[in-house]
Amino acid sequence: MSDMTATTTSVSEALTTADGRPLKAALRRAQSLAKRRAFMLVLPLLAFIVVTFVMPIGELLHESIYNPDFHDNMPETVAWFAANPPSTVPDEAAFTALADDLKTSAAARTVAQVGTRVNYVMPGTRSLFTATGRKAKSLQPPYKDALIAADPKWGDPDLWATMRQVSSSYTADFYLAALDHTHGPKGNIVPVPADQAIYLMLFERTFLVAAAITFICFVIGFPVAHLLSVLPLRTSNLLMIFVLLPFWTSLLVRTTSWIALLQREGVVNDVLVYLGVIDAHGRLQMIYNQTGTIVAMTHILLPFMILPLYSVMRPIPPSYVRAARSLGATSWTAFRRIYFPQTLPGIGAGSLLVFILAVGYYITPALVGGASGQLISNQVAYFITGAGNNWSMGCAIAGLLLAAILILYWVYDRLVGIDNLKLG
Amino acid sequence: MQERENTDGFVVFDHVQKSYDGETLVVKDLNLSIGKGEFLTMLGPSGSGKTTCLMMLAGFETATHGDIRLDGRPINSVPPHKRGIGMVFQNYALFPHMTVGENLGFPLEVRGMGKFDREAKIKRALDMVQMGAFINRRPAQLSGGQQQRIALARALVFDPSLVLMDEPLGALDKQLREHMQFEIKHLHDSLGITVVYVTHDQGEALTMSDRIAVFNDGRIQQLAAPNELYEAPQNSFVAQFIGENNKLPGTIEEIADGRATVRLQTGEFITATPVNVSQKGQPTLVSIRPERVEYMPERLPAGAHTIDAEVLEFIYMGDMFRTRLKVAGTDDFVIKNRNTMEQRRLQPGEIVKIGWAPQDARALDPL
């Protein structure tokens, strides 16, 4: 059988070209021009990605561990911390350094920044700095007494421990805080009090909600994608427009239409009341909570599940299932053993896509999430744009989110294999 | 063709009709009886209904009207997985996520066969197609010919008594195709299975089949053994579709004693065997096989009819010469002659007398 015998030729010595040069070198030379040309073609895109993707993410990660507000504005205090070991009781020299720094930064109008930085770790201290900063000019030595007279809090050893902690420009504090932990009195890492711990709960909720959305998208999207893949192209293209319609509608419009549907006086509740399923006083709360977040986000992310599934299902010829049937499998067995395994790359791609998008989704939970539908991304937004005004904290949460996604990717690669991913 | 005893009705199509849209019939009143152990080929151009018939037999399409019986049992309402019919698909349909062994094990597994028995059967089936060494490969790691063998082994591994093949060799190159034709034929002979084979390749059909059903336009045009089909086509479509064929248009002048006199367009008269023409004045196509035409006087059969022809083109094909001639106003009259020592090569422009035995000229219906 000529088609069955594999011929293998083993090369024992290096091959050379006709004029005696090594073949490999000649090949490299011959291909280098083509390679250079190909590289030049992708160079603009590469530059674009570096500028718009790699650099911002690097900046974000840097920001999450870098905050020089205290370090830059309080140089003398920083120097005193450097010269004395952590447990030293602040002496007159320390208070002198602090007073000098307060005077300079008050003059430079940066004392509020310093106060904010300390306030991140020790709530309630921002006003201490601003108030003392206003009086800084009139402070007279001995500074220890003068400062404690201005506000007794200056004598608090915890404040000094906190100032020492924030005196370094680089810090992992924000990551600690994003994981609901903080430095204890002895410098050790302790969980924050239960009533202040929100981030771990939010991370958990975000991942659960994203998992739920991914699962619902899969359950709804799989039959749709299958239908699209078996219909004649003309019909399936028409139906595909309906799948893609959400993409062509403004996110805000889609989200507000869910509000119209799901609110207490909304269409769904009205219909249920009319049908007598629920009592007029027992109208369901389906929006401004987690249900609203899940419903609205499932709707928005559904195409991201259907499209990869469709692109995997379309080329699966019907003859596979037919073959399985003719070999004696029931339609369920044929689906389970033959069809379904071949759609796995699409399921993987769609689920990963939907999950990752859901984990980072901001606008929908912000609009329809209420209190129980808020996700971790809303905290990022809160710190970066909103009242939180703490870039470093927002970046640290975003960094954790990024790390979680990368871990997810790695796990997926280990379990399924990243080459087993088909996005279209 | 050998005569078979008790060959009637292992597979029976009884007045089967099939329509997809309720407006046109794809299969029009099909009656066909396939004997046990027979190798029957459904041959026809695409769209002739042959694949639809196969799919109805396999259970993937339902007959709009009529009965299909397998071993005396009507199977119209039997789902495909309960029919126990082996099938080889055009693109092989080997499950890409399973190894060769798992592919072959699949039909045994869904029948609840134990692991030990399964392994023995898989090994036997693979040895049958000389693919025993490939049990752990994936289909993607096999060549087209190897995949073809595995598909064959998979269709046979659960010992079906009927195997359907839907253009199984279509994707192979010519040499491999011819080789596989013989292998399939040998498997059929040694296993005693019934094979229904669908193809549009007439050479394949002639090589392999006990009987061939020529399909066109949803009907069986002729059902006969290969030699009969080739030598005695019943209508112009079959004559055209099977092998090469010269056609001379004309009208029937006279029919008597099983001989028809045909007046050609140029006014000449030739004698032909009437097949499906019956009366004077009827238009007809006289069909003559290229290899039955002679031009060397000493080779003309006794009583041969001769006619003048002008040589237009001479093509050297190695074992054969192929010459195109102008005969009775038709300029695509082709003759084929074996490349023997004494064969004279015709020159373009030459006028020769060509001739054939009257029984080789068949007067058929005009297309």
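**A sheet in chain B and a pocket in chain A**

In chain B, strand S9 (residues 211–216) is joined to S10(B) by five bridges, and the two run antiparallel. One pairing within this stretch puts B:Val214 opposite B:Gln222, its bridge partner in S10(B). As background, strands of a sheet pair through backbone hydrogen bonds, and they can do so parallel or antiparallel. Everything described here comes from a predicted model.

Zooming out, S9 and S10 belong to an open sheet of six strands in chain B, with the order S6-S7-S8-S3-S9-S10 and mixed pairing. Strand S6 (85–88) and strand S10 (219–224) of chain B stand at the edges; each has a single partner strand, so one side of each is left without a neighbour in the sheet. On average, neighbouring strands of this sheet are turned by 20 degrees against each other, ignoring direction.

Helices lie across these strands too. Helix H1 (residues 50–58) of chain B lies across strand S3 (39–43), S6, strand S7 (162–166), strand S8 (194–199) and S9 of chain B. Relative to S7(B), helix H1 runs at about 145 degrees. Helix H5 (residues 174–191) of chain B lies across S3, S7 and S8 of chain B, and its angle to S3(B) is about 140 degrees.

How is chain B split up into domains? The domain assignment gives domain 1 (11–236) and domain 2 (244–364). Their C-alpha centres lie 38 Å apart, and eight residues of domain 1 of chain B are in contact with eight residues of domain 2 of chain B.

Chain A also gets two domains from the assignment, domain 1 (69–169) and domain 2 (199–420). Here 50 Å separate the domain centres, taken over C-alpha atoms. Both domains of chain A give residues to the lining of the largest pocket, so the pocket lies between them.

That largest pocket holds about 1200 Å³ of space. Its lining is made up of 45 residues, with A:Tyr120, A:Val121, A:Met122, A:Pro123 and A:Thr182 nearest the centre. Several elements of chain A give two or more residues to the lining, among them helix H3 (75–83), helix H5 (111–121), strand S1 (181–183) and helix H18 (376–384). Which element gives the largest share of the lining? That is H8(A), with seven residues. As for chemistry, the lining residues divide into 25 nonpolar, 14 polar and six charged.

Notes. Residues numbered from 1 in each chain as written. Chains lettered and ligands numbered in written order. Predicted model: local features only at pLDDT ≥ 70, side-chain atom pairs only at ≥ 80, totals over all residues. Heavy atoms only, no water. 1 Å grid on protein atoms, 1.4 Å probe; cavity = no way out; pocket = protein on both sides within 12 Å on 5 of 7 lines; lining within 4 Å. Points joined across faces, edges and corners; volume = space filled by probe spheres on them. Helix = DSSP H or I, 4+ residues; strand = E, 2+ residues; numbered from the N terminus. Nonpolar A, V, L, I, M, F, W, Y, C, P; charged D, E, K, R; others polar. Domains from an automatic or database assignment. Pairing = 2+ DSSP bridges. Axes fitted to C-alpha atoms, helices over the stretch in contact; angles between N-to-C directions. Contact = heavy atoms within 4.5 Å.
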